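Biologist: I'm new to this one and would like to learn how to read its cavities and its ligand site. Could you walk me through it?

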Amino acid sequence: MIPAVEANCDGLVGPTHSFAGLAPGNLASEIHKGQASNPRAGVLEGLAKMRRLHDLGLPQFVLPPHERPDIGFLRRAGFGRSDAEVMAGAARAAPELLNTACSASPMWAANAATVTPSADSGDGRVHFTPANLLTNLHRSLEGEQTTRSLRRLFPDASRFAVHDPLHAQPYFADEGAANHVRLCAEQGAPGVNLFVWGRDAWEAWSGRFPARQTLQAFEAVQRRHGARGAVFARQARRAIEAGVFHNDVVCVGAGASLFFHEAAFEDRAALERGVRAAAQGFEPQFVEIAEADLPLGEAVSSYLFNSMLVSLPGEDRLTLIAPMETAETPRAHGAVQGLIASNGPIGRVEYVDVRQSMRNGGGPACLRLRVVLTDEELAATNPAQRFDPGLQDRLTTWAERRYRDRLTPGDLADPALLDEVRTALDELTRLLDLGTDFYPFQR
Ligand code: SUG
């Protein structure tokens, strides 16, 4: 076995971060629709979370925001002439399309891709399938730039296979790692790859909210990656109805432990059987929170399960990196205290403030893509995207100069925003050594 570590790649909150209520079934996004956002606070919160994980001893990387507004998208929708006129035309005729073109949703890197580490893949490389995110219009804009971004961070094709997103059709609806959990004895050892899907592509879906992940999308990802230890489990329909738009709203796993809400899976017994059968050389641990202790609605509003669950160097028990909102929800806080007091696998909690992201339904776990890497793979990444206190300082100075501290959906029509964002992103390409043609406006 080649030893490996779990790195976190976090999406930087972009300068157009706003509350436009673009994601039906994501209750936080619906509740905060129309409010003023604070993009500067958002990016600084994200950097502070990265610093916490870095200081805890885990490798940390930064993924750049995408170009927004996405002028190309608006041009394809029939708005023309200069870029400023495209924005003005959309603001007048179809403000929802302008909001869509401005969404900073690539910050939620758990949706960037599904990842298979080299210990589990068919050809010994690390495999990535960027998510097509086609259920929501604003998120369907992400796949192409995410592919470019992952190829920049993981450039060595002899070690990394960054595939294209799956064919963009509802049959292959794919939301990436937010619906995938890997369990293992040690990061470098073969793991269990749990793929959680919301609907079968052939069934008629009549739910109140969309089921964003199909079984067939994950089957295709598993085949492409040659992922071993695969288990496919269905998300509970009831959970989707309650606002669980991704499985990571009610489930997170690390090491040998799966931590989840009682109502997460359609068939809990089958899930357990499947995971046990796929686990090689370790005994999976199932840490379940009962509905009686934490009703599903409070699990969703507190985002307890959207914590990061991390195995830290030198520590036997796992650490939960939870959002402040969990500490502020009495029953969720009680559940955490109960876990820590027990003899179970979770031994510690740290709370982080990611409120700007949380108001759009993105907790600590949504903001990061986990990538298990050996030392040699780690050394083959783009060094300029590796987070350390120096990079945090540079990005903080950059964000304090270039980001607004207040943005309403109405402000998205301001033509000055376009220049501000482009100036900011142009500087960022140098800070992160992304090349001279990383963003469409640079080509
Ligand atoms: O896809 N919110 C995102 C939140 C994604 C959270 N990610 C994970 N659970 N892994 C979504 O629903 C809202 C944007 C807006 O309304 O402007 C949004 O897209």
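Biologist: What volume does the second largest cavity have?

Modeller: Keep in mind that this is a predicted model. The second largest cavity comes to about 220 Å³. It is lined by 24 residues, and Ala23, Ser105, Trp108, His138 and Asn360 are the closest to its centre.

Biologist: How do the residues of that lining divide into nonpolar, polar and charged?

Modeller: You sort each lining residue by its class. In the second largest cavity, 14 are polar, eight are nonpolar and two are charged.

Biologist: Where does the ligand sit?

Modeller: The test is whether more than half of the ligand's atoms lie within 2 Å of a cavity's grid points. Here, the ligand sits in the second largest cavity.

Biologist: Which residues come nearest to the ligand?

Modeller: There are 20 residues around the ligand, and Leu22, Asn26, His138, Asp248 and Cys366 come nearest. His138 is also among the residues closest to the centre of the second largest cavity. By class, the shell around the ligand holds nine polar, eight nonpolar and three charged residues.

Biologist: How do I read polar contacts, and which atom of Leu22 lies 2.6 Å from an oxygen atom of the ligand?

Modeller: Look for pairs of N or O atoms within 3.5 Å. For Leu22, a backbone N or O atom is the partner, 2.6 Å from a ligand oxygen. Asn26 uses its side chain instead: a polar atom there lies 2.8 Å from an oxygen atom of the ligand. Arg212 also has a side-chain N or O atom 2.9 Å from a ligand oxygen.

Biologist: How much of the ligand's accessible area does the protein cover?

Modeller: You start from the area the ligand has on its own, which is 490 Å², and the protein covers 99% of that.

Biologist: How many cavities of 30 Å³ or more does a search of the whole structure find?

Modeller: The search finds four. The largest has a volume of about 310 Å³. Its lining has 26 residues, with Glu6, His180, Val181, Arg182 and Arg370 nearest the centre.

Biologist: Which elements give two or more residues to the lining of the largest cavity?

Modeller: Those are strands E6 (180-183), E9 (251-254) and E15 (368-374). E15 gives the most, with five residues.

Biologist: And what classes make up the lining of the largest cavity?

Modeller: Do the same sorting again: 14 nonpolar, seven polar and five charged residues line the largest cavity.

Terms used. Residues are numbered from 1 along each chain as its sequence is written. This is a predicted model: local features need pLDDT of at least 70, side-chain atom pairs count only at pLDDT 80 or more; totals for chains, interfaces and linings use all residues. Side-chain values use heavy atoms; hydrogens and water are left out. A residue is near a molecule or strand if one of its heavy atoms lies within 4 Å of it. A polar contact is a pair of N or O atoms within 3.5 Å; within protein, one must be able to donate a hydrogen and the other to accept it, and residues adjacent in sequence count only if both atoms are side-chain atoms. Accessible areas come from the Shrake-Rupley method with a 1.4 Å probe; for residues, only the protein chains shown count as cover. On a 1 Å grid over the protein atoms alone, a cavity is a set of points where a 1.4 Å probe fits but cannot get out, and a pocket is an open set with protein on both sides within 12 Å along at least five of seven lines; lining residues have an atom within 4 Å of a point. Ala, Val, Leu, Ile, Met, Phe, Trp, Tyr, Cys and Pro count as nonpolar, Asp, Glu, Lys and Arg as charged, and the others, Gly among them, as polar. Grid points are joined across faces, edges and corners, and a volume is the space filled by probe spheres set on the points. Helices (H or I, at least four residues) and strands (E, at least two) are DSSP runs, numbered from the N terminus.
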